[in-house]
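User: I should like to learn how strand pairing, burial and backbone angles are read from a structure. Please take me through the features in turn.

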Amino acid sequence: MLWCFALASFSSLSAVGQLNYYVNGTTGDNSYDGLLPVYNGTHGPKQTIQAGVDVAGTGDIVNVAAGTYVEHVNITKTLTLRGESKATTIIQAPADFATNAAYDYSLSSFVTERTMVHVGTASSINVTIRKFTVDGNRLGPGSALSTVAYSGILAEKCSLTVDSCTIKNVLPADSAFTYHVAFNGRGVHVRGSGSLATITNNTLLDINRFHILVNATDTSSTLPAVFPQGIVTNNTITGKGVYDGAQKGIWFNQGAWGTISSNTISALDYWNPIIESDRATAITIRRGFLNSSQRNIITQNTVSAPSFTNNKGIFDEGIKDSVADNTVTGYRFGIQIHNADSAKALRNTVSGGQIGFMVSRTRSPLVGAWTVTIGGSPENKNTITGQTSAASGGFGIALGFRDELADGSFLSTVPVDARYNDWGVTTEAEVQEKVWDKADSTLADLDTVYYYPFFPFVRASVKAFLEGPYDDVDDDMTKGLNDAGTLDEHFAGKQIPAQAIDSITVEIRDEATAASSTIRRFQPAWLLTDGSIRNFEDTTRSYLEFVAPLGDYYVVVWHRNHLGIMTAAIQSLADAVPTAYDFSTSMSQAYGLTPMIAVGSRFGMIAGDGNGDGGVDALDRNITWLGQNGTAGYLGADFNLDGGADAIDVNTIWRLNNGTGTQVP
């Protein structure tokens, strides 16, 4: 019995009251509830997918065995349609797909669309399609033959999940195809009021125009009652390179909203803007401002293009949207923030192409106070490198605010906070070469946008010793906390160098006193047994990097139970070769009269400040040490850093230093 063999690979059991129906390309009259045969003469393995869908009840599962099913499928009830595997279970466009209006669907505010798989009714349904290849067989209608759009999967006013599928060959049938903006191919299209699209783990390739489209309406004159939502994750989309059809990877249209994350999109480009003014785009939020109550999150996507004839990596036109942690490579415009009030572009890596970031506005008049953030803080910096030179029209950031009527009238500026980005260069003059904020030279006005385009930094490499763990036999410091695993426990998840004794904090300040300093920056670091430091996050680096202008600074070293020390004089800190400073060679290396203590051949930071208040006094003994005496761990009273608080800490260290204080002003 061939159909029994074909069904054996479906191993999941049904929920109580849920029926499994099977399609295997042959006729039969058997019905299956779970895996058990029920011979009732009414249902059974079906020859077509549509027959299995028709006989299934609400909430049932239609399992489809391996094979090629040349048919159109229409689903109007809640169910799961599950293939045996996407490599072997294929829904293929019928031979008459290019010409047969029986596959057309109309919806108010949308163009008519022809589709291979249709999901939707007037009432809300929830459909899952899993493990299929939907093959358009290159039979889509061209505009010379038809005035309808066409798609692999079309869902209307419902909830659709498409998971672990391949959608391909959604292309025009005729070689004389005339491209048109509205009448085009789509891979997965979810449209209409209240729709919810969950599109995950799919592969899409050889699609004429839109690969994944979540669509509120084809016209902004009639908006949906409930804007559709998309959750689009972990899909692989491969375009056709330089292509007539202005290809789109993932497109949220006219207020559709949601999350676009962890997708890989490549090879989208477009050669002829005469056919369509828009560009090929990997990810698009179009007119997201029409939906002011919902936000879009575009994160952790990888988009790349081998050429940049006429393409964009990410285009965002939403209010308060977040474009974060994406990698964009080789697009003419890497990321464009357009008409997007309070949008943020954070921690992206944009390399190659012509323009790294484009910030633009064409909406007029301006409503309210708009802002755009590109980076804005050290922890949120973008990396913007490798764009073509300014002489060739290439820039890291380009700004353009002009009237959408193309009359050249100047629009008021939008504040752009582009501080702290990594441009791959280090001087202010080099960064200025990467920022373009001028209008067309034929116009009188300038786009005088408020922005900070610089990511200035200085570097320092510091050496210091601590009195407590100093070992005068080896002239270094012991690493008892590290050997005992105490650092691993306290700094869980951090990479800890093998020779680390503890963490310290290094500060730079532009004046000797904290009160008079206008610039103060802090960096945590690992202190090693030989007194050198390692970067806290990147332990291969023996220097610290501070976001601050080039100039002169005092360098301060702080430790949790040793007294802080500061350079005796102000130091010139550079942005290339780190400025080196060794506190341990002389008492005069630190600010003050006796800021350190002699330890063997070294001078070290004074131990005993158990509560970290800047002085060694009775509080450190009576409160800190007495409260921790006899215990082990990461302790303030462990002055010699051996992993425990005991009599040695108080008798040989605290008593010696009682009454001293830091001389850092």
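Analyst: The discussion below takes up strands, then two loops, then an open sheet. The model is predicted, so local features need pLDDT of at least 70, side-chain atom pairs count only at pLDDT 80 or more, and totals for chains, interfaces and linings use all residues. Residues are numbered from 1 along each chain as its sequence is written, and side-chain values use heavy atoms, with hydrogens and water left out.

User: How many residues of strand 31 are buried?

Analyst: Buried means under 20% relative accessible area, exposed over 50%, and partly exposed in between, with a 1.4 Å probe and protein chains only. Strands (E, at least two residues) are DSSP runs, numbered from the N terminus. In strand 31 (residues 333-338), six of the six residues are buried, so the strand is largely enclosed by the rest of the structure.

User: Which strands pair with strand 31?

Analyst: Two strands pair if DSSP finds at least two bridges between them. Strand 28 (residues 311-316) runs parallel to strand 31 and is joined to it by four bridges. With strand 34 (residues 355-361), strand 31 pairs over five bridges, also in the parallel sense. Phe 333 illustrates both pairings: Lys 312 has Phe 333 as its bridge partner in strand 31, and the bridge partner of Phe 333 in strand 34 is Ile 355.

User: What sign does phi have in most residues other than glycine?

Analyst: Most residues other than glycine have a negative phi. Ala 246 has a positive phi, near 45°. This residue lies in the loop between strand 21 (236-243) and strand 22 (248-253). Asp 325, which is not a glycine, likewise has a positive phi, of about 65°. Its loop runs between strand 29 (322-324) and strand 30 (327-329).

User: Are Ala 246 and Asp 325 buried or partly exposed?

Analyst: Ala 246 counts as buried because its relative accessibility is 0%. Asp 325, at 29% relative accessibility, counts as partly exposed.

User: In what order do the three strands of the open sheet stand?

Analyst: The order is 46-40-50, and the pairing is mixed. Strand 46 (544-546) and strand 50 (579-582) stand at the edges with a single partner strand each, so one side of each is left without a neighbour in the sheet. From one strand to the next, the twist averages 30°; axes are lines fitted to C-alpha atoms, for helices over the stretch in contact, and angles run from 0 to 180 degrees between N-to-C directions. Strand 40 (residues 458-463) runs parallel to strand 50, with four bridges joining them. Within strand 50, Tyr 581 stands opposite Val 462.
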